[in-house]
Amino acid sequence: MKLLKCLPALAFAAFVGQSSAFSFGASEDAVMIAPPALDLPAAPGNLQTAVFAGGCFWGVQGVFQHVQGVKNAVSGYDGGAADTAQYEAVSGGDTGHAESVSVTYDPGQVSYGKLLQIYFSVAHNPTELNRQGPDSGSQYRSEIFAQNAEQQKVAQAYIAQLDAANAFTRPIVTKVEVGKAFYPAESYHQDFLTENPSYPYIVINDLPKVAQLKKLFPDQYRAEPVLVKNQ
């Protein structure tokens with residue numbers, strides 16, 4: 001049976017072995033931040049795509065699957081070549097890929113800027129360089145893979161806005177890149193949070209993110225997640 005983990009096998013074993021030292025709320029608390037001053041215009045019914053990398057894709061996918069206006073959220077890889085877009089290769093940390101989530105959304109229901117606000121506030125910690133929580137390596141980096149120049153402009157402006165406001169205690173390290181291709185991950189990674197709610201990694205690191213989404217963004221929260229396997 002394949003061992004599912006978002007961190008290397010030995011580190012995962014040690015992490016699970018020490019899990020009694022952690023509580024349900026062990027993931028870092030979300031930060032309530034201002035929405036972006038610059039956003040993209042609403043275009044009802046015209047579905048758009050946003051791609052975010054912020055550590056293990058299980059939690060990032062799980063968060064966006066609970067956002068109103070999101071029609072699909074797929075775990076995958078972005079930043080590298082097609083022939084290395086597979087889990088075992090990406091886990092080595094030298095493919096250029098980051099574990100990412102491709103979010104299909106209706107901008108008439110949720111704006112790109114609101115997705116960015118949730119990404120920076122709830123989905124991950126944008127001040128950690130090449131790591132998130134127990135996971136380390138460039139494949140867990142914080143990066144926005146903009147789909148066009150307009151998204152790139154909004155994302156870069158928002159990072160500058162947040163840094164200028166000292167929204168976080170440390171500078172944001174999130175990269176913004178345009179022109180990269182997204183590759184869906186293996187089927188066993190899709191909907192992982194929903195299908196494995198008692199998995200130790202999920203309990204400790206990711207379920208608190210969904211709870212924080214509900215608390216901080218009640219108007220954007222949907223109780224029933226939109227799942228890849230229901231598409």
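This tour goes through the sheet of a predicted model and then through the helices that pack on it and on one another.

**The sheet.** Begin by selecting the strands in the order β7-β6-β1-β3-β2-β8, which is how the 6 strands line up in an open sheet with mixed pairing. At the edges lie β7 and β8, the latter covering residues 182-184, and each of these two strands pairs on one side only. Looking along the sheet, you will find a twist that averages 35° from one strand to the next.

**The β7 edge.** Next select residues 142-146 and 175-178, which are the strands β6 and β7; they run parallel and are joined by 4 bridges. To pass from β6 to β7 the chain goes through helix α5, residues 149-164, in a β-α-β crossover that is right-handed. Two of the residues to display in β6 are I144, whose bridge partner in β7 is V176, and F145, whose bridge partner in β7 is E177.

**Helices on the sheet.** Add α4 to the view, and you will see that this helix packs on the sheet, where it touches β1 (48-54), β2 (70-78), β3 (98-105) and β6, with a direction that makes about 15° with that of β1. Helix α5 also packs on the sheet, touching β1, β3, β6 and β7, and the direction of α5 makes about 170° with that of β7.

**α4 against α5.** Keep these two helices selected: their axes come within 11 Å and cross at roughly 45°, an angle that makes α4 oblique to α5. Their crossing is right-handed. For the contact itself, show the side chains of Y112, L116, Q117 and F120 in α4 together with Q151, V154, A155, Y158, I159 and L162 in α5. Coloured by class, this contact shows 8 nonpolar and 2 polar residues, with no charged residue.

**α2 against α4.** Finally, hide α5 and select residues 57-64, helix α2, alongside α4, residues 112-123; the axes of these helices come within 11 Å and cross at roughly 130°. The two helices are therefore oblique to each other, and α2 passes α4 in a right-handed crossing. Which residues of α2 and α4 meet here? From α2 come V60, V63 and F64, and they meet L115, I118, Y119, V122 and A123 of α4. The residues of this contact divide into 8 nonpolar, no polar and no charged.

Note on methods:
Residues are numbered from 1 along each chain as its sequence is written. This is a predicted model: local features need pLDDT of at least 70, side-chain atom pairs count only at pLDDT 80 or more; totals for chains, interfaces and linings use all residues. Side-chain values use heavy atoms; hydrogens and water are left out. Two strands pair if DSSP finds at least two bridges between them. A crossover is right-handed if, with the strands pointing away from the viewer, the path from the first strand over the helix to the second runs clockwise. Axes are lines fitted to C-alpha atoms, for helices over the stretch in contact, and angles run from 0 to 180 degrees between N-to-C directions. Angles under 35 degrees count as roughly parallel, over 145 as roughly antiparallel, 65 to 115 as roughly perpendicular and the rest as oblique. A crossing is left-handed if the near helix is turned anticlockwise from the far one by less than a right angle, and right-handed if clockwise. Contact means heavy atoms within 4.5 Å. Ala, Val, Leu, Ile, Met, Phe, Trp, Tyr, Cys and Pro count as nonpolar, Asp, Glu, Lys and Arg as charged, and the others, Gly among them, as polar.
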